[in-house]
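Thanks for coming. I'd like to take a few minutes to walk through one model, starting from a single residue and working outwards.

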Amino acid sequence: QSTGLNRVHLRSTTNKTLIAANAEGNDLAAKVYLINKATDSTLYVTVTINAQTVGKLYAGDWMFIPWSQTDTAASIKVAATNWTSSTGDIPVEYALFHEDTDYLTDA
């Protein structure tokens, strides 16, 4: 299953939540895909989970990581870094892939 490919345009150095953790989420396998679609190599985004920096994505960089859907402190956030109003926005695409839950219900 997938949330589909989504896109945000970062115009601030403030953290933006891309995928919010949810205590009601299932406890099955999940992976997150992120890519910095900027073309200016000086513009990068900082990725954090639970206020812990997990990496920086420069223009064209991407990551594919495992993620817990039920850890309520594990929201995935990104912030534009080295950004000013004159540099334009930083496009970031992301998707959540998760195990299908259809088989969990009794027929």
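**Starting from Asp 89**

Asp 89 is partly exposed, with a relative accessible area of 26%. The cut-off for buried is under 20%, and exposed begins over 50%, so 26% falls in between. Before I go on, please keep in mind that this is a predicted model.

Where does Asp 89 sit? It is in the loop between β7, residues 76–81, and β8. Leaving out neighbours within four places in sequence, the residues in contact with Asp 89 are His 9, Leu 10, Arg 11 and Trp 83. With His 9 there is a polar contact, side chain to side chain, at 2.7 Å. For a sense of the separation along the chain, take Val 8: Asp 89 and Val 8 are 81 residues apart, and their C-alpha atoms are separated by 9.4 Å.

Now the strand that follows this loop. β8 covers residues 90–98, and seven of its nine residues are buried, so by the under 20% cut-off the strand is mostly covered. β8 pairs with β1, residues 6–10, in the antiparallel sense, over five bridges. One pair in that ladder is Leu 10 with Ile 90.

β8 also pairs with β3, residues 30–36; these two run antiparallel and are joined by seven bridges. Two examples of facing residues: Leu 34 has Tyr 94 as its bridge partner, and Ile 35 stands opposite Glu 93.

That brings us to β3. Is β3 enclosed or open? Five of its seven residues are buried, so β3 is largely enclosed by the rest of the structure. Besides β8, there is β6: five bridges join β3 to β6, and the two run antiparallel. In that ladder Tyr 33 stands opposite Phe 64.

I want to pause on one residue of β3, Asn 36. How accessible is Asn 36? Asn 36 is buried, with a relative accessible area of 0%. Its side chain reaches the backbone nitrogen of Ala 38 at 2.8 Å. Again setting aside neighbours within four places in sequence, Asn 36 has contacts that include Tyr 44, Leu 57, Tyr 58, Asp 61, Ile 90 and Pro 91.

Next, the core. In soluble globular proteins, nonpolar side chains tend to be buried together. Here the largest nonpolar core has 25 residues, and the two that touch the most other members are Leu 34 and Trp 67. At least two residues each come from β1, β2 (16–19), β3, β4 (44–49), β6 (62–66), β7 and β8. Which strand gives the largest share of this core? That is β8, with four residues.

Leu 34 we have met already, as the bridge partner of Tyr 94. Counting only residues over four places away in sequence, Leu 34 touches, among others, Leu 18, Val 47, Leu 57, Trp 62, Met 63 and Ile 76.

Val 47 is a convenient step to another part of the model. Val 47 stands opposite Gly 55 in β5, and β4 and β5 pair in the antiparallel sense over six bridges. They belong to an open sheet of four strands, in the order β2-β7-β4-β5, with antiparallel pairing. Why do β2 and β5 (52–58) count as edges of this sheet? Each has a single partner strand, so one side of each is left without a neighbour in the sheet. From one strand to the next, the twist averages 30°.

Let me finish with the whole protein. How many helices and strands are there? There are zero helices and eight strands, and along the sequence the pattern reads β-β-β-β-β-β-β-β. Of the 107 residues, 36% are buried. Among contacts with a separation of 6 or more, 79% are between residues 24 or more positions apart. The exposed area is about 6,200 Å², and carbon and sulfur atoms supply 48% of that.

To recap the route: we began at Asp 89, in the loop between β7 and β8. We then followed β8 to its antiparallel partners β1 and β3. From Leu 34 in the core we went on to Val 47 and its opposite residue in β5, Gly 55. That is the end of the tour.

Terms used: Residues are numbered from 1 along each chain as its sequence is written. This is a predicted model: local features need pLDDT of at least 70, side-chain atom pairs count only at pLDDT 80 or more; totals for chains, interfaces and linings use all residues. Side-chain values use heavy atoms; hydrogens and water are left out. Buried means under 20% relative accessible area, exposed over 50%, partly exposed in between (1.4 Å probe, protein chains only). Two strands pair if DSSP finds at least two bridges between them. Contact means heavy atoms within 4.5 Å. A polar contact is a pair of N or O atoms within 3.5 Å; within protein, one must be able to donate a hydrogen and the other to accept it, and residues adjacent in sequence count only if both atoms are side-chain atoms. Accessible areas come from the Shrake-Rupley method with a 1.4 Å probe; for residues, only the protein chains shown count as cover. A nonpolar core is a set of buried Ala, Val, Leu, Ile, Met, Phe, Trp, Tyr and Cys residues joined through side-chain atoms within 4.5 Å. Axes are lines fitted to C-alpha atoms, for helices over the stretch in contact, and angles run from 0 to 180 degrees between N-to-C directions.
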